[in-house]
Amino acid sequence: MTAFRSSVPCRQRKYIISAVLIIGCFGFFLVVQQTANSAEDYEKEYPLQLENEVLKICNENNIDYRKSLYTSALYDTTDEPSTTQRNHHHHQQQQELQMQLPLSNGTEPMIYFVTPTYPRREQIPEIIRLGQTLMHVPRLHWIVADDTDSCSDTLNRHIRKFGIPYTQIASPMPELYRARKNAPRGVANRRAALNWIRQNQKKAGVLYFGDDDNTFDLKLFSEIRTTRKVSMFPVGLIGDYGISTPIVRNGRVEAFFDSWPAKRKWPVDMAGFAVSLGYLALSPNATMPFKAGYEEDEFLKSIGLKMDDIEPKAHNCTEILVWHTQTKSSKSPTVRISMDRQKLDKLNLGALLHQLESMGVNHISNTVGTIAQAIVNGNVKPLSVWFS
């Protein structure tokens, strides 16, 4: 250091010191600017409507035409039925309908059941399972919001067949968030449903977010239908505790039991609360952030929830009426079938494989993929060998 000082003129030393100070100040400015930008990015996660946020109404039906899906198949016959058989058939149909739908006088609050979904090989099986649960719930409007740019005819066919009043929405996640490692899935879908509720001025009824892979006890729907502000209840199969639930004492929620607190004021699962639309209407700017893990917390903050507003359901939160079951997602396989499509269509496999391909369950190719084989008397050969 002494040698450096003696070899550098005083004026040059001043220039060097000045340069170091300038570089240091510039570096500090960059850090501050980066922090500011991060703060701005964080704030950008909370707007009500993004410029590229999409809400496309694909299909809609407000008429409840639920009926037994299987009655006609059970009694299908090529012979003309007798009067006795027809009367018996009609009586059976009426009994099945009464068993299928709980008694309703048509005046109960409507439940708006919001299901975010996205294209994958498990999508249609999940929708079928959930739809067959919702078929048993009177006074319910099913909002299915699909994370895709275009409307899926395959998805619509399977929603429509249940006869449940429904709205099908295409609501893709903005590309800004899709590229993230921990992408906030389902947020664009739920935000689209919230906007649909506002646009249609729905101010009576109950809002509930129900994922397509969860499992619901039918009792849950009768419980949440009477929600005045915000009702809460336990959700099974959550985190390290195996459950996420409010802690209730003397009929009042006083705390929460959840293995991932994460400094959340409202550490609850998306399936663990329902909101009155009248109460929601008091917060016209209520929204959900594109921030994975904090969707529930920030949404409940945005509606101004207070602890005294919470109504514990499920027998003071002692029953589990909804489970956070999850289906393991896997890649759709490609099946190689080297045979003429017309020949394949003469087999039942033609219709089956076409159906599965339309659902995204698998893909058919005549050049790549796992070679399709058939078994005859224990002998295994390529499908094209047996049926060429």
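Student: In which element does Phe-113 lie, and how is such an element defined?

Tutor: Phe-113 lies in strand 2. Strands are DSSP runs of E with at least two residues, and helices are DSSP runs of H or I with at least four residues, each numbered from the N terminus. The model is predicted, so local features need pLDDT of at least 70 and side-chain atom pairs count only at pLDDT 80 or more, whereas totals for chains, interfaces and linings use all residues. Residues are numbered from 1 along each chain as its sequence is written, and side-chain values use heavy atoms, with hydrogens and water left out.

Student: Is Phe-113 buried or exposed, and how do you know?

Tutor: Buried means under 20% relative accessible area, exposed means over 50%, and partly exposed lies in between (1.4 Å probe, protein chains only). The value for Phe-113 is 0%, and therefore the residue counts as buried.

Student: What does Phe-113 touch?

Tutor: A contact requires heavy atoms within 4.5 Å. Leaving aside residues up to four places away in sequence, Phe-113 touches ten residues' worth of neighbours that include Leu-130, Trp-142, Tyr-208 and Phe-221. Gly-210 is also among them; the C-alpha atoms of Phe-113 and Gly-210 are 6.3 Å apart, although the two residues are 97 apart in sequence.

Student: What makes strand 1 and strand 12 edge strands?

Tutor: Two strands pair if DSSP finds at least two bridges between them. The open sheet has 8 strands in the order 1-4-3-2-5-11-7-12, with mixed pairing. Strand 1 (56–61) and strand 12 (310–312) each pair on one side only. From one strand to the next, the twist averages 20°.

Student: How do you know that strand 1 and strand 4 pair?

Tutor: They share 5 bridges, in the antiparallel sense, and the definition asks for at least two. One of the bridge partnerships joins Glu-60 to Thr-167 in strand 4.

Student: What is the direction of helix 5 relative to strand 3?

Tutor: Axes are lines fitted to C-alpha atoms, for helices over the stretch in contact, and angles run from 0 to 180 degrees between N-to-C directions. Helix 5 (residues 123–134) packs on the sheet, where it touches strand 2 and strand 3, and makes about 170° with strand 3. Helix 6 (residues 153–160) runs at about 165° to strand 4 and lies across strand 1, strand 2, strand 3 and strand 4.

Student: Why is helix 11 called mostly covered?

Tutor: Of its 8 residues, 6 are buried, among them Glu-295, Phe-299 and Leu-300. Their cover includes helix 8 (187–199), strand 5 (206–209) and helix 10 (277–280).

Student: Why is Ile-320 called partly exposed?

Tutor: Its relative accessible area is 31%, so Ile-320 falls between the two cut-offs. Ile-320 sits in the loop between helix 12 (314–317) and strand 13 (322–323).

Student: What do Leu-237, Ile-320 and Trp-323 form?

Tutor: They form a nonpolar patch on the surface, with about 250 Å² of accessible area together. Areas follow the Shrake-Rupley method with a 1.4 Å probe, and for residues only the protein chains shown count as cover. Patch residues have over 30% relative accessible area and no salt bridge; nonpolar side chains (Val, Leu, Ile, Met, Phe, Trp, Tyr) are joined within 5 Å, like charges within 9 Å. A salt bridge is a side-chain nitrogen of Lys or Arg within 4 Å of a carboxyl oxygen of Asp or Glu.
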